[in-house]
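Visitor: I should like a close look at one part of this model, namely its buried interior. Please take the nonpolar cores as the centre of the account and include the cysteines.

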Protein chains: 2
Amino acid sequence: MLTYSFSDTGSDSLYQHLYKCIKNDILARNLRAGEKLPSKRTFAKNLGISVITVENAYAQLISEGYLYSVPKKGFFVSDISMLPSGTAFGQSNLTRSLSDAAERTNMKNPGGKPDHADIEEAPGLASLPSSFIDLTSNQTDIRNFPFSIWAKLVREVLNENQQELVTNPPCGGVWELRSAITRHLKDFRGISVAPEQIIMGAGTEYLYSLLIQLLGFDKTYAVEDPGYRKIARIYEKHKVACRHIPLDESGVCVSALEKSGADVLHLSPSHHFPTGLVTPISRRYELLGWAARAEGRYLIEDDYDSEFRMIGNPIPAMQSIDLSEKVVYINTFTKTLASTVRISYMILPRHLADRFYRELSFYSCTVSNFEQYTLAHFIENGSFEKHINRMRSYYHKKRDLLIQKIRQSELAPHAIIREEDAGLHFILELHTGLSDTEICRRALQKELRIAALSSFYAQMAPGIEHRFIVNYSALPEEQIDEAIRILCEIIT
Amino acid sequence: MLTYSFSDTGSDSLYQHLYKCIKNDILARNLRAGEKLPSKRTFAKNLGISVITVENAYAQLISEGYLYSVPKKGFFVSDISMLPSGTAFGQSNLTRSLSDAAERTNMKNPGGKPDHADIEEAPGLASLPSSFIDLTSNQTDIRNFPFSIWAKLVREVLNENQQELVTNPPCGGVWELRSAITRHLKDFRGISVAPEQIIMGAGTEYLYSLLIQLLGFDKTYAVEDPGYRKIARIYEKHKVACRHIPLDESGVCVSALEKSGADVLHLSPSHHFPTGLVTPISRRYELLGWAARAEGRYLIEDDYDSEFRMIGNPIPAMQSIDLSEKVVYINTFTKTLASTVRISYMILPRHLADRFYRELSFYSCTVSNFEQYTLAHFIENGSFEKHINRMRSYYHKKRDLLIQKIRQSELAPHAIIREEDAGLHFILELHTGLSDTEICRRALQKELRIAALSSFYAQMAPGIEHRFIVNYSALPEEQIDEAIRILCEIIT
């Protein structure tokens, strides 16, 4: 049984002491990844401390990625906490180890460097205990996944499509699914494409890697700054040149893009992460113009949460106004269904689809047939549309409630809400003298996780401090009051 | 309605004429990918020819990848048949277009260049009509997938694991599945590893791409010659240096490997594809020695069908005798369950696992939670072991029957069977004056698809002609006699 002495805790509180002891044991490999920790109750009893103290220490370790919890099973040492053996991490080096943990858990990096608070897809992020409030999570609330209809369709597919289930699909994916998606895109997004232009993949990250192989390792790629950091990391890991292009009030700055020497621009014009900006139609045409001016230039349009636009007419996808075959459109079902359903797709312009089939069709489709057929039926029988409508109204209601509560709270005089009309997050600007890092740190201490806009910039820009990203998609309604109370407490 | 004139068929048979007409329309884009062709009966009636003629033309087009069939729905223009617009392919250029079709469908390339007859995973391969006999297919027979137990487990998971299903797993995959795999590997393969060393991925091809990012784009990779061509293609598509190392009678030739300057060797010592060779223990130690002699050297051990070894004690995996953390072990469930279930995994040595979590843990796991939990339960409740045992005995029986029938046939005096004790294919050596290309071509005309060993060599070697790969895993028993009859007809 794990035991620690509490005879000399220095200036640390009991919970801080316990937190450090466990963390050091994890860093020293005395506790191995996957190892189960004592239950909070047993541990508290054995150490002669309160259950709340253990709970707080565990919560902190979870939030930093050292532990993870499995419902009904307990707390385990996280495998994302592995560090190189022999590295001298200890209590004296807290900043360094915190920063490494943050690196691995995509959390705010207190060192001030850009971080990787990947709200869209954050797989390494351990789930927080229910007492924690998480304004960075993209996880689907269990109540929102359409389990009963999904289960029914899985059953039908397993009964009725056995031959199809064991038949190798084309490299681009199961035909029925790609056809269903084309019909959905036409009705829902005004995008007219043929099924053979659609390539299915197990997550957008995998598709990015295919795109690098398709467009070329020798090309220069550009990403938005600020932006969804994971995209830049994927380019970096593939050792291709990657430039960070600043945004102005309309989106990617065309003159900076021109100067950068980039060939391929990766952007999210429907709803930029994290600023929430929607690129207006004029800028869309300017960017298409940039792409058309030279051979080998392309735009990768990441349309990840366009389904959840709250008000107004959706602006046409760049794909749909592209006459020069310059736009690769990417979307995913991880936002609309669940982050754990790994089904995404890209739409290639015809000449790139041709190139794909010529050069890359030896790859097997990465999505299993079972889920492709289930999803195809889900779209075809209208369930997908119903589900999106239900979710949109659910998110709409939650956003309205959250904003209303903020406006009625003591936080109201100190806060401005921005970019709340698209997607599943908005920006909360707080009037405070505290630094962003300090606010995030204090919030974490109070069991609230929130990310600052500034942490998504590669190059710092003026006037971006004190803006925080409120991702409300996974926020339970019953936590709203408490979240506002904590923020109030910190800044007032 | 599609129509063709049969007034001038030249020296072509009716079926050849129809085949060429349709193919030209596909190449000229008059028939678009996804377009449905007339039913055989209707088409025959309209053209005034027999149903058999249409059937033969369709079959030929399917075998070359121009068409694919969907059970109960009909015949469609394949998306793997896309070729660059404007390329002058026509009847006069049959070899060229056949060769391109072969490129895309992983079929025998009659041009004599190495081909990509990917028997392990051949996604682009359109399914042949039932009259065709396919000795290159890896597809699971519908009767062999454990549908009822799988359906039961899916139902249970969807009922009982809802919270887990929507909770983001660690980047390496769902813990329960990785634990179940470690237990299975220990019992079944003598491999002792911790769950955190296991990384799940949507197919081995995806894992290769992760490994390049992990081991380095600046490293030189080596593959076996002959070998499973897709591996070399993946390295080529990632623009990393790739060398082809010849095999001798024990496997990869160590002196050639040494000379090549390679850092990483990709091999399948349990059952080499396509030769069937099993690398003896002495050579395994030599290769481990090679890896140990320099920093940054690694072996990627692809153990893709070790579960189906037919006789004798399985030779220990290189992973299990590796004391220097030099072996990355890769295995897949596409062989044991179905080629359309995209779940594979790799085992990283501890220091590489550390590096993986440090550098690549921002990637989301590419396998959906739903299938990870279902498979975890399938392994844990003993179903997986039962399934493998059942399949092993099924394949054993089929192999015995096939070999017995060959030995009792008129083919016997002209044939030698080699390397029949491991895995799901063996080598059939035929005494004939015909070239390999000619034999494969004649076989295809007679509706039999078979691949020659020589087509898997990057550099031709002496004495490899007239050896053919017989992949019997997907061969229905009722086709055995006919397959032997056709081969007999060709070579006698």
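Guide: The account below begins with the cores, turns to the cysteines and ends with a sheet of chain A. The model is a predicted one. Its largest nonpolar core comprises 145 residues, and A:Leu411 and B:Leu411 are those with the most contacts inside it. Beyond its neighbours within four places in sequence, B:Leu411 touches B:Ile406, B:Leu428, B:Leu430, B:Ile484, B:Leu487, B:Cys488 and B:Ile491. Another core, of 86 residues, lies apart from the largest one; among its members are A:Phe273, B:Cys171, B:Leu360 and B:Phe362. In soluble globular proteins, nonpolar side chains tend to be buried together.

The cysteines come next. Over all chains, the count of disulfides is zero. A:Cys440 is unbonded because its sulfur is 17 Å from the closest cysteine sulfur, that of A:Cys488, which is too far for a bond. A:Cys440 is nevertheless buried, with a relative accessible area of 7%. B:Cys171 is likewise in no disulfide, the nearest cysteine sulfur, in B:Cys365, being 8.2 Å away. B:Cys171 also counts as buried, at 4% relative accessibility.

Finally, chain A contains an open sheet of four strands in the order β12-β13-β16-β15, with antiparallel pairing. Its edges are formed by β12 (415-418) and β15 (451-452) of chain A; each has a single partner strand, so one side of each is left without a neighbour in the sheet. The partner of β15(A) is β16 of chain A (residues 467-471), paired in the antiparallel sense over two bridges. Within that pairing, A:Ala451 has A:Ile469 of β16(A) as its bridge partner.

Note on methods: Residues are numbered from 1 along each chain as its sequence is written. Chains are lettered from A and ligands numbered from 1 in the order in which they are written. This is a predicted model: local features need pLDDT of at least 70, side-chain atom pairs count only at pLDDT 80 or more; totals for chains, interfaces and linings use all residues. Side-chain values use heavy atoms; hydrogens and water are left out. A disulfide is a pair of cysteine sulfur atoms within 2.5 Å. Buried means under 20% relative accessible area, exposed over 50%, partly exposed in between (1.4 Å probe, protein chains only). A nonpolar core is a set of buried Ala, Val, Leu, Ile, Met, Phe, Trp, Tyr and Cys residues joined through side-chain atoms within 4.5 Å. Contact means heavy atoms within 4.5 Å. Two strands pair if DSSP finds at least two bridges between them.
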